[in-house]
Amino acid sequence: MNSIRRVPSRVKTKMTETNLGAERDNFDKKQLSSISKAINSNEAPVKEKHARRIILGTYREKGAFTFWSYALGIPLSSNAIVSWKFCHVLHKVLRDGHHNSLQDCMRHHSNIVEMGQLWGNLHDRYGQLVALYCKLLCTKMEFHMKHSEIRPNLEVTDEVLERVAGTDVNNVFQLTVKVFDYLDAELRLAETVIRQLNTSIAISTTTSGQCRLSPLIQVIQDCSHLYHFTVKLLFKLHACLPADTLQGHRDRFHDQFHSLKTFFNKARDMQYFKRLIQIPKLPESPPNFLHAASLAKHARPVVVIPSEDEPEQQEEDDYDDDDPEPLIDVTMPSMMVPQFDKFDQTFGPSNDRDIQIENLQQDLEKLRADLERVKGEAQRYITQLKSQINSLETELEEQRVQKQRALVENEQLRMELEATRRRNAEHEIVQATFGEAETRAQATEQRYTKLKEKHTELVSSHAELLRKSADTVKILSATQQTQEEVERTKQQLAFEVDRIKLDADMKLEEQKFEMKKLKRDFEEKRAEVEHVKGTLQRTEKVGEQLTSSMLALQAEKERLMRSASEKEAELSSLSQAAQLQQSSLQQERDRSTRELGELQGKLQEKSRREVQLQQKLLEEQFSLLQGTVSEAEYIIQDAVAKLDDPLHIRCTSSPDYLVSRAEATLGSIDKVKKGHSDYLKNMGDAGRLLRALTNFSHLAADTIINGSATAHLAPTDHADRLTENCRGCATQSLQFLKDLKSKASLQRADPASIHIVVEKILKLGEELRPKGMDVRQDELGDLVDKEMAATSAAIEKAVSRIDEMMNQARMDTSGVKLEVNERILYSCTDLMKAIHLLVLTSTDLQKEIVEGGRGAATIKEFYARNSRWTEGLISASKAVGWGATQMVESADKVVLHTGKYEELIVCSHEIAASTAQLVASSKVKAYRNSTKLTALQQASRHVNEMAANVVASTKTGQEHLEDKDTMDFSGMSLIKLKMEEMESQVKVLELENQLGNERLRLGELRKKHYNIAGVPAADLPEGNGLDPSLAPVAPSSPKSSKPSVMRKPDLAQKPNLPPKNMFR
């Protein structure tokens, strides 16, 4: 019996497994068919029924495993249209599929990325779209995996968004950036599709255009929600962060706003979207995030997808896709005869049957018209109910806005209290800073400045707190008024909800009545259709459609009932939130009162501590003054000690530097006097006196040390007076510092005696300075131009004179002498031309230096300000002109055989040295990268080359013209040769002795020349040194001597540098 009982269960299990396997095979077959029909290479949009079947398949198996198992076998890399349709279907699955589809799709994230990279590297229109679509899908999956509470269709409430954002401002900031990136990917795809559609032949009414446009329906749905998320998050960020920090977010939002608005406007004008989707309109201007009240003006954009049938597609699918059952079963011919016989028995012969069939067909047409009318009325009712739901949602959104406004006001009050607490914390930080001031004496001055600033801020904060107290009382009264308005609004809202409930009940009753009426009509029509059910199966199909529509209406009624209950729940939650807000406002008011009393007590205590800190500050300032004075005494005592230090005897200094130090010391003494008077007026601020004393001590010590060093090179009388004044300066300085260290003698401390002694040191330094040329400063500019013009004139005159000598030599000489003279004169002419070019280049560089360095001053003022440099230019210019003139004289004598070839060689060396002096003088103030400086250096090198050619031509001509006697000693005896040898040795010794004496004389001449270079111009003759009666001076070339007839021009005052540094 037990075995007999087990048999039915086994049989049942096998039957169940067989049914499940067949059902699974049927499901897989339908999914494969839908996927293959939805994702193909035809350039046409994806049909909605195939996508719907795929989405329903994800709900049946609670995931997208089957979809991906078939999708991986599709050749996505071979056809861009197939890849485009695959992305479209995947987008639909992510948005409308089962929630586990996101995890299944995330497992194939790398495949999507690789497909996007592949098509992105190919220059194909669909390829570019596929690359952007893949990037969008990856961004979408990553965003929803990280924020799982936000569903992939983005249909979440504001409460869920608030919960996801949280209270941490960093999380809100990061979430806002992610939403920006999400919306950027959506807009980039939409803009690329529309741009390609505008530039291609396809339009929105063709299949190729609709193939590109169909995915934008999901993009529009995503963009509407992302725009709303961005507005909410940015308002929340502006409530927590300063406006300057979020400037980049606002700019990025404005760009996205204008792009989204342009996209919506273009899509709204396209014929393809008009029957498929209702695109919302965005406001004319973006929200103003700097005003929290602007949030009330924001309305959430709602995208509506009309639920319309697609008869054309249905018919096409019936013929193309599905395999419908035949209306009459032709596979069973044996059953036809009894059926017709029974029909004949029931309805009579064939003639009567034709009449009855026509009548039945007419009745069927009437039933179809009635069914269409019922469908239209039902659709109209559904549309009306949807509009009522939208109006209720709008009212609910207004209530949320009012709630948000109250929360914003609460947040403002809380922020003001937080600011008050921060000020208290800053005050405690200031107190801690004053405590640290006791241990850090070196930074007292900076801390005192900060203390004064903090004191001013505390005084202003005290006044601001008093104002805030009055503002808080006003805000509390305004809050009470707002609370009363909330109560009145709540009552009005309750009344409106009751009225809406009554209207909904009335609508439901009317709908029930219509439903009953429709049921009665349906029963009557169904009774009539039963008579012809065996003949026409199409009538049965129409009845089934009517039944499904009734079920849909019933489901719609249930959904409306559920939405009404949800509205009631939201209303109760709003009333609870209002009560909570009222209690929180009362608590905030009590807490503000308590904190105000605490702040007033702390302010009084702060005032007492400020008095103590002020007294402590005075003592610290005087202790700092004593420390600074002690340090200054040490510096001056160290300087006095160096006066008697044997190691200091070797140190030397120039009177110019001593004068500059003394002048700086006089300026510091005036600052010390000013700082002393300021300190006596305000004992709490010793900063200026401390800085002046520090500067004075160093400058006074520097003056004492450099005065002693200058005395080492000065005459005895000046050296003694200078040393005595330096000691007097140290004595008076120490006495002044001693008076500053005591409070009793602080009032009578006076640096006037120090001022007198330093003036004496300054006077002695000016007496020891070398005397320069007595040229007025305002004449230097004119003198430079005159000397440069005189140099150019002298060179031109020399060139013309050389031409005259050339002509005269051709007339007077011939043969070898003519050839030698021509070669020398040609080389002299080339040298003169090179010198002339050098002078012109130097003049251009000089103009560039003056224009670049004078600024707003005139040219004469620039020359006067740089007098040493100007005098150097004048001296170099005179030297060049003098050298050119002397070369012409020497060349004339050589051609006339009245001079020596050595004179011409010496002149060449002198010209090279003078041009080097001119280049060095010009290079001092020239800019490093100046092109004119480069040209001047090139011209100087050219002058040196031409001077070398003159020397080479002169030596070559001298060798050709000198007659060398042949030395014939054949007729001399041994004694005679010995006597000649002794005479030659005597001459050699005499010449060597003369050479040594001449070298000593040359050195002394050079010393004397540079010693007298700074005498007044009145003691020397003017001009370019052409007067042959002047005393001779040594040439600058050390290798050859100059005849006594030649002399250098007057030189200006040279810079006061040691000779070994000037001439090496």
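Start by selecting Ser745: leaving aside residues up to four places away in sequence, Ser745 touches Lys738 and Asp739. Keep in mind as you look around that this is a predicted model. Ser745 sits in the loop between α21 (716-741) and α22 (752-768). Is Ser745 buried or exposed? Its relative accessible area is 5%, and because buried means under 20%, Ser745 counts as buried.

**Across the loop: α21 and α22**

Stay with these two helices and select Arg721 and Glu767. Their side chains meet in a salt bridge, at 3.8 Å from N to O. This pair links distant parts of the chain, with Arg721 in helix α21 and Glu767 in helix α22, 46 residues apart. Colour them by accessibility and you will find Arg721 partly exposed, at a relative accessible area of 34%, and Glu767 partly exposed too, at 35%.

**Step back for the whole chain**

Now zoom out and switch to a cartoon view. How many helices and strands does the chain have? The secondary structure comes to 30 helices and zero strands. The chain has 1064 residues, and 39% of them count as buried. Turn on a surface if you like: the chain exposes about 61700 Å², with carbon and sulfur atoms supplying 53% of that area. Contacts tell another part of the story. Among those with a separation of 6 or more, 80% are between residues 24 or more positions apart.

**Salt bridges around α11**

The structure holds 26 salt bridges, and a few make good stops. As a general point, side chains of opposite charge can pair when their charged atoms come close.

Select Asp222 and Lys140. They form a salt bridge in which the closest N and O atoms are 3.4 Å apart. Asp222 belongs to helix α11 (residues 216-240) and Lys140 to helix α7 (residues 125-146), so this pair links distant parts of the chain, 82 residues apart. Both Asp222 and Lys140 are buried.

Remain on α11 and add Lys232 together with Asp158. These two side chains also meet in a salt bridge, at 3.7 Å from N to O. Asp158 lies in helix α8 (residues 158-165) and Lys232 in helix α11, so the pair ties together parts that are 74 residues apart in sequence. Asp158 and Lys232 are both buried.

**A loop residue between α7 and α8**

Next, select Leu154, in the loop between α7 and α8. What is notable about the backbone of Leu154? Its phi is positive, at about 65°, although Leu154 is not a glycine. For background, most residues other than glycine have a negative phi. Leu154 has 0% relative accessibility and counts as buried.

**Towards the start of the chain**

Move to Lys62, in the loop between α2 (48-61) and α3 (65-71). Lys62 is not a glycine either, yet it has a positive phi of about 55°. Here the accessibility reads 55%, which makes Lys62 exposed. While you are in this part of the sequence, select Arg24, Asp28 and Glu61, which are linked in a network of salt bridges.

**Last stop: a charged patch**

Finish on helix α17 (residues 444-530), where you can pick out Lys517. At 39% relative accessibility, Lys517 counts as partly exposed. Add Lys512, Lys516, Lys519 and Arg520 to the selection: together with Lys517 they gather in a patch of positive charge on the surface.

Technical notes
Residues numbered from 1 in each chain as written. Predicted model: local features only at pLDDT ≥ 70, side-chain atom pairs only at ≥ 80, totals over all residues. Heavy atoms only, no water. Patch = residues over 30% accessible without salt bridge, like charges linked within 9 Å, V, L, I, M, F, W, Y side chains within 5 Å. Areas by Shrake-Rupley, 256 points an atom, 1.4 Å probe, with all protein chains shown as cover. Salt bridge = Lys/Arg side-chain N within 4 Å of Asp/Glu carboxyl O. Lys, Arg positive; Asp, Glu negative; His and termini not counted. Charge placed at Lys NZ, Arg CZ, Asp CG, Glu CD. Helix = DSSP H or I, 4+ residues; strand = E, 2+ residues; numbered from the N terminus. Buried < 20%, exposed > 50% of the residue type's maximum accessible area, 1.4 Å probe, protein only. Contact = heavy atoms within 4.5 Å.
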